[in-house]
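Work through these exercises with the structure open beside you. Try each task before you read its solution.

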Amino acid sequence: MKAILVKNGGLEICEVADPVEKENEILVEIHAAALNRADLLQKKGTYPSPKGWPEWPGLELSGKILSMGKEAKEKSGFNVGDKVCALVGGGAYAEKICVPYQLALPMPKNLSYEEAAAIPEAYTTSYLNLFKEGHLKKGQTVYVSAGASGLASAAIPMAKGFGAKVITDCIDETKIEKITDLGADYIVDLNKEKVSDAFRRADEEGNPVNCAMDCLCGEDMGVSMQYMAEGGYWVVISTLAGITTNLYLRPLLTRGLHVVGSMLRKRSVEEKGELLREVKDGLWSKFEDGSVKVKVYKTFPFEKAEEAQAVLEKNENVGKVVLKVR
């Protein structure tokens, strides 16, 4: 089969051996694979696939089941030919992949392969960090960084759907209008104000931020935290804006704040499987009736993976970028 491997800092379509499923796995014919920033890090050689997964990139996909191991047949509820989407540790940039059955879900009805491929990583990450790690409750205020990102395109409507008030930010003025349909209550134009200014104002108005899901961090994180609500949670999921910050320790103490580091990729198959089931229970009906829409920015053919990744590298996208494999 064909797979897209990292070669000399770039991407190259190569012939690799067809995968063979283990007892607890399903073999999936991949139709679409969504891109994530982790793929860019993997291309740079700083974020390799975890042990046991293919060496090539790709964390989420959709497709059809070709065959199944004995345990997967007995326990999964799937059948050969079923349409599924799946969360994987690596290897979605390919024509086929073997997936532990716990990491696959039936595709929501009425969605395309491209839309379904954009669900597993983004929505599971959002669910984990908003509600599990961030302890977000109905009626509270949440900050979701990088409002034009693929992750924010999942997190913002998810938080709104569960009754939260949402603050986000955007550094590209041309994108601010394009993300208004996500439903955020306030978008920080980073060319005109800092995130910490929005935090301070929310605190002064009596709606302090209870939860932050932050892929940026950097200098403004420490300044902003001092204005969080009592018992607030700042969940660090990446450090795209910098790996250091200065924390104001007094408000950390007096407000009982929490700083949490969170990585979905490090969790066990069992943990990820449980999260996926909770996401399915909470969101599948919303996908199917259209009340929550998957925001796909652009789709590229399989052989244009370099061009697809360039969209993320240049921060051009508003929503998810997807590879159409077949």
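## Exercise 1: Two loop residues

Task: Decide whether Asn110 is buried or exposed. Then find where Asn110 sits and what its phi is like.

Solution. This is a predicted model.
- Step 1. The relative accessible area of Asn110 is 68%. Exposed means over 50%, so Asn110 is exposed.
- Step 2. Asn110 lies in the loop between strand S7 (104-106) and helix H3 (113-117).
- Step 3. Its phi is near 75°, a positive value in a residue other than glycine. Most residues other than glycine have a negative phi.
- Step 4. Now take Asn8. Its phi is near 55°, again positive in a residue other than glycine. Asn8 sits in the loop between strand S1 (2-7) and strand S2 (10-15). Asn8 is exposed, with a relative accessible area of 86%.

## Exercise 2: The buried face of a helix

Task: Which residues of helix H7 (residues 195-204) are buried, and how are they arranged around the axis?

Solution.
- Step 1. The buried residues in H7 are Val195, Ser196, Ala198, Phe199 and Ala202.
- Step 2. Look down the axis of H7. The buried residues fall within an arc of 160°, so they line one face of the helix.
- Step 3. Ask what covers them. The cover includes strand S8 (141-144), strand S9 (165-170) and strand S10 (186-189). Helix H8 (219-225) and strand S12 (233-236) also belong to the cover.
- Step 4. Go just past H7. Gly206 has a positive phi of about 85°.

## Exercise 3: Salt bridges

Task: Compare the settings of three salt bridges: Lys320 with Glu60, Lys2 with Glu15, and Glu71 with Lys75.

Solution. The whole structure holds 19 salt bridges.
- Step 1. Lys320 and Glu60 meet at 2.6 Å, N to O. Lys320 lies in strand S15 (residues 320-324) and Glu60 in strand S4 (residues 60-68), so the pair ties together parts that are 260 residues apart in sequence. Both residues are buried.
- Step 2. In the bridge of Lys2 and Glu15, the closest N and O atoms are 3.3 Å apart. Lys2 is in strand S1 and Glu15 in strand S2, 13 residues apart. Lys2 is partly exposed at 35% relative accessible area, while Glu15 is exposed at 58%.
- Step 3. Glu71 and Lys75 meet at 3.7 Å, N to O. Both lie in helix H2 (residues 70-75), four residues apart, about one turn of the helix. Glu71 is partly exposed at 27%, whereas Lys75 is exposed at 54%.
- Step 4. Finish with a network. Salt bridges with shared partners join Lys43, Glu306 and Glu313.

Conventions: Residues numbered from 1 in each chain as written. Predicted model: local features only at pLDDT ≥ 70, side-chain atom pairs only at ≥ 80, totals over all residues. Heavy atoms only, no water. Buried < 20%, exposed > 50% of the residue type's maximum accessible area, 1.4 Å probe, protein only. Helix = DSSP H or I, 4+ residues; strand = E, 2+ residues; numbered from the N terminus. Arc of directions from axis to C-beta. Contact = heavy atoms within 4.5 Å. Salt bridge = Lys/Arg side-chain N within 4 Å of Asp/Glu carboxyl O.
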